[in-house]
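This briefing goes through one protein chain, from its core outward to its helices and single residues. Please keep the sequence and the structure at hand while reading.

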Amino acid sequence: MTNSVATQGGTKMNNHYVNTAPAAPAKSFVGPTETIDYIAMRQRNLQIEERENPKKAQLKRDMERQERNEMLQLQFNSWLKPEERRITLDTVDEILSCVKGTIELIGRKYSTHFLLPIMLYADKFVKRSGLIEQDHVLNLLLISTVVTVKFWVDTGVDIDVTAYVSGIPKKTISLMERNFLSIIDYALYLTPQEIEKYYPLAVN
């Protein structure tokens, strides 16, 4: 005869505890290396297409760039307070140039894969902290860029150079970074779903 006693999270059977509680669904997270590998694989496939059918591949790349810029425009405007002036596609190009220049000036070679986490982290920040003014978009992206480069590149960021490039005092940058990380709850690893959703931002 089997003696069983139900307990919270399991059942005791013949003096042995058997865990019968339903397992919590595991949420898969992906680090920088896996994300870069995924983006590289997608872009290698496009490079193969370019060799086999250059005209078709170029058309596809142009469409991806257009999709990227339209996605960025929608994203930027979703961060703005209702009374703020909307961001145009021309402004999107200017913002992209600023992000690229910031990364290169702080001593890192720009790669399109940086844009994916930069935008994802910034979006998390706005969703948790509230809408912002258009004048604050570049500062938000600056701090998201610093956080991204620190997490995604082993050598990190030179805070002195960052302060010089941005014109923001070192102490203020450090405070902004801590506030940013606190608001996004230090959630720097990405899910496969997030990578797929934001992949259009990683095109060349």
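Leucine 141 is in contact with Phe76, Trp79, Ile95, Val99, Ile118, Met119 and Ala122, leaving aside its neighbours within four places in sequence. Leucine 141 is also one of the residues that touch the most other members of the largest nonpolar core. The model is predicted, and the points below are grouped by topic.

**Overall fold and confidence**

- The protein chain has eight helices and three strands.
- Read from the N terminus, the order of these elements is β-β-β-α-α-α-α-α-α-α-α.
- The chain has 204 residues, of which 40% count as buried.
- Of the contacts between residues at least 6 apart in sequence, 68% join residues at least 24 apart.
- The average pLDDT of the chain is 81, and 84% of the residues score at least 70.
- Over residues 1-26 pLDDT stays under 50, and the model has 28 contacts beyond four places in sequence for this stretch.

**The largest nonpolar core**

- This core holds 51 residues, and those touching the most other members are Phe76, Trp79, Tyr121, Val137 and Leu141.
- At least two residues of the core come from each of helix H2 (54-79), helix H3 (89-105), helix H4 (115-129), H5, helix H7 (170-183) and helix H8 (192-198).

**Helix H2 and asparagine 77**

- H2 has 26 residues and reaches 38 Å from its first C-alpha to its last, close to the 38 Å expected at 1.5 Å a residue.
- The buried residues of H2 include the charged residues Arg61, Glu64 and Arg68, as well as Met71, Leu72, Phe76 and Trp79.
- Asparagine 77 is found in H2 and has a relative accessible area of 16%, so it is buried, the cut-off being under 20%.
- A polar atom of the asparagine 77 side chain lies 2.6 Å from the backbone nitrogen of isoleucine 87.
- Not counting residues up to four places away in sequence, asparagine 77 touches Arg86 and Ile87.

**The loop between H2 and H3**

- Proline 82 is found in the loop between H2 and H3.
- The relative accessible area of proline 82 is 70%, so this residue is exposed, the cut-off being over 50%.
- Proline 82 and leucine 131 are 49 residues apart in sequence, yet their C-alpha atoms are 8.6 Å apart in space.

**Helix H3**

- The 17 residues of H3 should span 24 Å at 1.5 Å a residue, and the end C-alpha atoms are 24 Å apart, which agrees.
- Val92, Ile95, Leu96, Val99, Thr102 and Ile103 are buried in H3.
- These buried residues cover an arc of only 125° around the axis, so they lie on the same side of H3.
- Asp90, Glu94, Ser97 and Leu105 are exposed on the other side of H3.
- H2, H4 and H5 are among what covers the buried residues of H3.
- Glycine 107, just after H3, takes a positive phi of about 95°.

**Helix H4**

- H4 has 15 residues and reaches 21 Å from its first C-alpha to its last, close to the 21 Å expected at 1.5 Å a residue.
- H4 is mostly covered, with twelve of its 15 residues buried.
- Among the buried residues of H4 are Ile118, Met119 and Ala122, which are also contacts of leucine 141.
- Asp123 and Lys124 of H4 are buried as well.
- Glycine 130, just after H4, takes a positive phi of about 115°.

**Helix H5 and threonine 148**

- Threonine 148 lies in helix H5, which covers residues 137-152.
- How accessible is threonine 148? Its relative accessibility is 0%, so threonine 148 counts as buried.
- The side chain of threonine 148 reaches the backbone oxygen of serine 144 at 2.8 Å.
- Not counting residues up to four places away in sequence, threonine 148 touches Phe114, Pro117, Ile118, Tyr121 and Val153.
- Three of these partners, Pro117, Ile118 and Tyr121, are among the buried residues of H4.

Note on methods:
Residues are numbered from 1 along each chain as its sequence is written. This is a predicted model: local features need pLDDT of at least 70, side-chain atom pairs count only at pLDDT 80 or more; totals for chains, interfaces and linings use all residues. Side-chain values use heavy atoms; hydrogens and water are left out. Helices (H or I, at least four residues) and strands (E, at least two) are DSSP runs, numbered from the N terminus. Buried means under 20% relative accessible area, exposed over 50%, partly exposed in between (1.4 Å probe, protein chains only). A polar contact is a pair of N or O atoms within 3.5 Å; within protein, one must be able to donate a hydrogen and the other to accept it, and residues adjacent in sequence count only if both atoms are side-chain atoms. Contact means heavy atoms within 4.5 Å. A nonpolar core is a set of buried Ala, Val, Leu, Ile, Met, Phe, Trp, Tyr and Cys residues joined through side-chain atoms within 4.5 Å. The expected span of a helix is 1.5 Å times one less than its number of residues. The arc is that of the directions from the helix axis to the C-beta atoms. pLDDT is the predictor's confidence in each residue, from 0 to 100.
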